[in-house]
Amino acid sequence: MDDRLDFEELTLQTRRLDFEDGLTDLQVGALFLVMSLGAAFFFSTAGITWFARALILQREITLVALAGIFGCFILVAFGSRRLIARVRREYLWKERGEIVPLPWQVEPWVNVLAAAVFMILMMLGLWVVLRGGSENEAILRLLIAASGVATGITYLGMGSSLRLNRYLPVGIVGGLLSGVLFFIPLAFSESWLGLGVIWTTVLLISGLYALRRTRLSMFEVNHG
Amino acid sequence: MADFTLPSKFDRMIHQPVRLAIVAVLAGCESADFTYLLNATEINKGTLSKNLSALEDVAYVKITKGYKGKIPNTSVKLTAKGRRAFTKYRRQHRRFLDSVD
């Protein structure tokens, strides 16, 4: 053990572990995609018509199916965590040992900041719409854009508190592009799709980059 | 990093460098297995076992022995008491470093 012990770094190093190999990014990106595709369909004219028709024809079955879809989404989210744990155990962390990550990885101040920015953007948007400065659909778009900006702030905060540099561009690019969604005259369902495309792409790039680095360092360890 | 000749109010159980390394690693996760602790702290098996037992005696960590498939697995978790003690130690340590500066 090093004589000059940097215990703060030891804690950070362990906290970073869940994000270091990029698998968590790929998982969150995939969940973003599934969620946004579902929301885009559900809030589209076709989706609403289909849902209304299904409700009229088979009310109980439709509601049970809807609950089933939500249940499946949650199962997939937890299932993918187990899959990641297995991939790490059998391929990536074979020699290094295993950890169970903390249930919270974001510092409380980051969550508070992200929530505050979300609220401010929403109030600003509501004020603009109420003054007649923008069309009514804009407030719905703002909901999506503000969620994306808040997600960007969360990644920025995580990057800064965990000293994980790749989350800084992830937060900035994802947050800014999400903000741009507000200024593009899209329908609510299309904005959902936009948000999904932005965050899935950003997290996919980040995840693949980190995974490649992990594989390269594994190769170096195994082949000197 | 400052030299560790610190005031007596520091928690002696955590202040010892080997145990501090163990607790610092455990503070960054929900639980860690023995292999991870060995690699992260760079301590040998005997020293790690001895210091884990000391931490378990004061209820700062909880050690669970089990199996992952057919392979024996020891999982170590920082208890709420241990986490509180580490948070307090960090705060005191920072204050001490500030006072030295």
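Q: What makes the meeting of B:R94 and A:E8 a salt bridge?
A: In this predicted model, the side chains of B:R94 and A:E8 come to 3.5 Å, N to O. The cut-off is within 4 Å, from a side-chain nitrogen of Lys or Arg to a carboxyl oxygen of Asp or Glu. The pair therefore qualifies as a salt bridge. This pair crosses between chains, from helix α5 of chain B to helix α1 (residues 7–20) of chain A.

Q: Why is B:R94 called partly exposed?
A: B:R94 has 45% relative accessibility. Buried needs under 20%, and exposed needs over 50%. The value for B:R94 lies in between, so B:R94 counts as partly exposed.

Q: Why does A:E8 count as partly exposed?
A: The relative accessible area of A:E8 is 21%. Buried means under 20%. A:E8 does not meet that limit and is not over 50%, so A:E8 is partly exposed.

Q: How do you know that A:E8 forms a salt bridge with B:R90?
A: The closest N and O atoms of A:E8 and B:R90 are 3.2 Å apart. The limit is 4 Å, so this pair is a salt bridge.

Q: What makes A:E9 and A:R163 a salt bridge, and where do the two residues lie?
A: Their side chains meet at 3.0 Å, N to O. That falls within 4 Å, so the rule is met. The pair links distant parts of the chain, 154 residues apart. A:E9 is in helix α1 of chain A, while A:R163 sits in the loop between α6 (137–161) and α7 (167–180).

Q: Why is A:E9 called partly exposed?
A: A:E9 has 22% relative accessibility. Buried requires under 20% and exposed requires over 50%, so A:E9 falls in between.

Q: How do you know that B:K68 forms a salt bridge with A:E98?
A: The closest N and O atoms of B:K68 and A:E98 are 3.6 Å apart. This is within the 4 Å limit, so the pair counts. The pair crosses between chains. B:K68 lies in strand β2 (residues 61–68) of chain B, and A:E98 in the loop between α4 (59–92) and β1 (99–100) of chain A.

Q: Are B:K68 and A:E98 each buried or partly exposed, and why?
A: B:K68 has 36% relative accessibility, which lies between 20% and 50%, so B:K68 is partly exposed. A:E98 has 13%, which is under 20%, so A:E98 is buried.

Q: How many salt bridges does the rule find across the interface, and how many over all chains?
A: Across the interface of chain B and chain A there are 3. The structure holds 14 over all chains. One network of salt bridges links A:D18, A:D21, A:R81 and A:R88.

Q: What else describes the interface of chain B and chain A?
A: 29 residues of chain B are in contact with 22 residues of chain A. About 2,200 Å² is buried between the chains, and carbon and sulfur atoms give 60% of this area. The rule also finds 8 residue pairs in polar contact. On the side of chain B that touches chain A, α2 (17–27), β1 (31–33), α3 (34–41) and α5 (80–100) of chain B each give two or more residues. The largest share, 7 residues, comes from α2(B). By class, that side has 16 nonpolar, 6 polar and 7 charged residues.

Q: Why is A:S206 called buried?
A: A:S206 has 5% relative accessibility. That is under 20%, so A:S206 counts as buried. A:S206 is found in helix α8 (residues 188–223) of chain A.

Q: What makes the pairing of A:S206 and A:D25 a polar contact?
A: The two side chains lie at 2.4 Å. The cut-off is within 3.5 Å for a pair of N or O atoms, so the distance fits. Not counting residues up to four places away in sequence, A:S206 touches A:D25, A:R166, A:Y167 and A:V170.

Q: How does the reach of helix α2 of chain A, residues 23–42, compare with the span expected at 1.5 Å a residue?
A: This helix has 20 residues and reaches 28 Å from its first C-alpha to its last. That is close to the expected 28 Å. Among the buried residues of α2(A) are A:D25, A:L31 and A:F32.

Q: What pattern does chain B follow along the sequence?
A: Chain B reads α-α-β-α-α-β-β-α. There are 5 helices and 3 strands in chain B. Buried residues make up 44% of its 101 residues.

Conventions
Residues are numbered from 1 along each chain as its sequence is written. Chains are lettered from A and ligands numbered from 1 in the order in which they are written. This is a predicted model: local features need pLDDT of at least 70, side-chain atom pairs count only at pLDDT 80 or more; totals for chains, interfaces and linings use all residues. Side-chain values use heavy atoms; hydrogens and water are left out. Helices (H or I, at least four residues) and strands (E, at least two) are DSSP runs, numbered from the N terminus. The expected span of a helix is 1.5 Å times one less than its number of residues. Buried means under 20% relative accessible area, exposed over 50%, partly exposed in between (1.4 Å probe, protein chains only). Contact means heavy atoms within 4.5 Å. Buried area is the accessible area (1.4 Å probe) that two parts lose on being put together, summed over both. A polar contact is a pair of N or O atoms within 3.5 Å; within protein, one must be able to donate a hydrogen and the other to accept it, and residues adjacent in sequence count only if both atoms are side-chain atoms. Ala, Val, Leu, Ile, Met, Phe, Trp, Tyr, Cys and Pro count as nonpolar, Asp, Glu, Lys and Arg as charged, and the others, Gly among them, as polar.
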